[in-house]
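Dear colleague,

Please find below the structure that I am handing over to you. I would be grateful if you read the notes beneath it with the structure open.

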Amino acid sequence: MFQKFIKVVGLSVILLLSQIAVNPASAQEVNNDQGLDLSKLQSGEEMEKDGFKIKYYSNEDAAKKIAKDNGVSEKSVLDKLDGNKTENLNKQTMSSAKVSATATKKCATGAVAFSRPLNVTSSYKPTLDIWTELCENSSGQYVIKSIVDISIDRSYKGVSKGFNGNVTAKALNSGKTLFYNANGDFYNNKSTTAGTQLGFNTASASLSFNVSQTSNFYAYLKQSDNIILFK
């Protein structure tokens with residue numbers, strides 16, 4: 001009788017533990033269905049989803065990184081980023097996308113970068129950064145209003161390659177989805193500059209990248225992906 005009681009208790013414990021193990025997964029699934037709440041993203045913090053890292057920058061910090069990665073002047077980048085906010089007359093220093101949106105007619109003052117590794121080879125994976133402006137829609141969701149810049153951090157584990165190609169980024173589904181396509185050649189040299197740009201400060205933009213020499217080929221890349229903020 002005592003042994004039977006022990007077996008019943010043991011079975012009850014196993015069932016209870018199995019329910020506890022299932023519950024966290026269910027909660028995580030519910031959170032995913034609710035979408036990506038970028039209003040809580042603090043300045044300098046990162047969020048991750050579907051292989052992307054999302055980080056909120058001030059225009060000044062964004063300009064420094066873009067200028068370094070794309071081989072252009074910091075002033076030219078900052079002028080472009082600041083020019084995207086000309087309708088916001090009362091700028092203030094903000095600590096989060098949500099607070100800044102309150103002070104600037106529901107649009108963040110800084111830039112939000114969506115970053116994704118480019119799988120050039122198994123040993124070289126530079127980072128693509130798509131810089132966006134976030135605004136609040138009629139449902140209270142922070143979505144992508146426009147693509148403000150594109151850059152590639154070509155340094156990976158101490159190795160940097162040149163890139164000759166084109167990157168396109170699009171805000172689809174009323175800004176609830178971000179799509180990108182990167183296509184071009186990498187070379188064993190470090191000299192790369194940003195070239196022709198089209199559509200910045202709109203929902204669809206592209207940027208070409210140029211190398212000084214194309215005689216030392218490394219690898220070809222064609223990669224596209226998307227991230228869904230809200231369904």
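The notes that follow go through the findings by topic.

Please keep in mind throughout that this is a predicted model.

**The disulfide**

The structure holds one disulfide. Its partners are cysteine 107 and cysteine 135, whose sulfur atoms lie 1.9 Å apart. The angle about the S-S bond is 110°, and the link between cysteine 107 and cysteine 135 is right-handed. Distant parts of the chain are joined in this way: cysteine 107 sits in the loop between helix H4 (97-103) and strand S3 (111-117), whereas cysteine 135 belongs to strand S4 (residues 127-136), and the two are 28 residues apart. Are these cysteines buried or exposed? Cysteine 107 has a relative accessible area of 8% and is buried; cysteine 135, at 9%, is buried too.

**Strand pairs**

Strand S4 also takes part in a hairpin. S4 and S5 pair in the antiparallel sense, with ten bridges between them. One bridge joins isoleucine 130 to isoleucine 150, the latter in S5. Five residues separate the two strands of this hairpin, and glycine 140 there takes a positive phi near 80°. Strand S5 (residues 142-153) is largely enclosed by the rest of the structure, because ten of its twelve residues are buried.

A second hairpin is formed by strand S1 (residues 46-49) and strand S2 (residues 52-57), which pair in the antiparallel sense over four bridges. Here lysine 49 stands opposite phenylalanine 52, which lies in S2. The turn has two residues between the strands, and aspartate 50 in it has a positive phi of about 55°.

**Nonpolar cores**

Which residues have the most contacts inside the largest nonpolar core? They are Ile54, Phe114 and Ile147, in a core of 39 residues. At least two residues of this core come from each of S2, S3, S4, S5, strand S8 (162-172), strand S9 (177-187), strand S11 (204-211) and strand S12 (217-228). S5 gives the largest share, six residues.

Isoleucine 54 may serve as an example. Setting aside neighbours within four places in sequence, isoleucine 54 is in contact with Leu36, Leu38, Leu41, Glu45, Glu46, Met47, Glu48, Lys49, Val112, Ala113, Phe114 and Ile227. Another core, of eleven residues, lies apart from the largest one, and its members include Tyr57, Ala62, Ala67 and Trp131.

**Helix H2 and its asparagine**

Asparagine 70 is part of helix H2 (residues 59-70). With a relative accessibility of 2%, asparagine 70 counts as buried, since the limit for that term is under 20%. Beyond the residues up to four places away in sequence, asparagine 70 touches Asp149, Ile150, Ser151, Ile152, Thr192, Thr193, Ala194, Leu207 and Phe209. Among these is Ile150, the residue that is the bridge partner of isoleucine 130.

**Salt bridges**

Side chains of opposite charge can pair when their charged atoms come close. The count for this model comes to seven salt bridges, and three of the pairs are described here.

In helix H2, the side chains of aspartate 69 and lysine 65 form a salt bridge, at 3.1 Å from N to O. The two residues are four apart, about one turn of the helix. Aspartate 69 is buried, at 8% relative accessibility, whereas lysine 65 is partly exposed, at 21%. Both belong to a network of salt bridges that links Lys65, Asp69, Asp129 and Asp153.

In helix H3 (residues 74-83), aspartate 79 and lysine 75 are likewise four residues apart. Their side chains meet in a salt bridge of 2.8 Å, N to O. Lysine 75 counts as exposed, at 59% relative accessibility, while aspartate 79 is partly exposed, with a relative accessible area of 43%.

The side chains of glutamate 136 and lysine 106 meet in a salt bridge as well, at 3.6 Å, N to O. This pair links distant parts of the chain, 30 residues apart: glutamate 136 is in strand S4, and lysine 106 is in the loop between H4 and S3. Glutamate 136 is partly exposed, with a relative accessible area of 26%, and lysine 106 is partly exposed at 41%. The disulfide described above also connects that loop with strand S4, through cysteine 107 and cysteine 135.

With kind regards

Technical notes:
Residues are numbered from 1 along each chain as its sequence is written. This is a predicted model: local features need pLDDT of at least 70, side-chain atom pairs count only at pLDDT 80 or more; totals for chains, interfaces and linings use all residues. Side-chain values use heavy atoms; hydrogens and water are left out. A disulfide is a pair of cysteine sulfur atoms within 2.5 Å. Buried means under 20% relative accessible area, exposed over 50%, partly exposed in between (1.4 Å probe, protein chains only). Two strands pair if DSSP finds at least two bridges between them. Contact means heavy atoms within 4.5 Å. A salt bridge is a side-chain nitrogen of Lys or Arg within 4 Å of a carboxyl oxygen of Asp or Glu. A nonpolar core is a set of buried Ala, Val, Leu, Ile, Met, Phe, Trp, Tyr and Cys residues joined through side-chain atoms within 4.5 Å.
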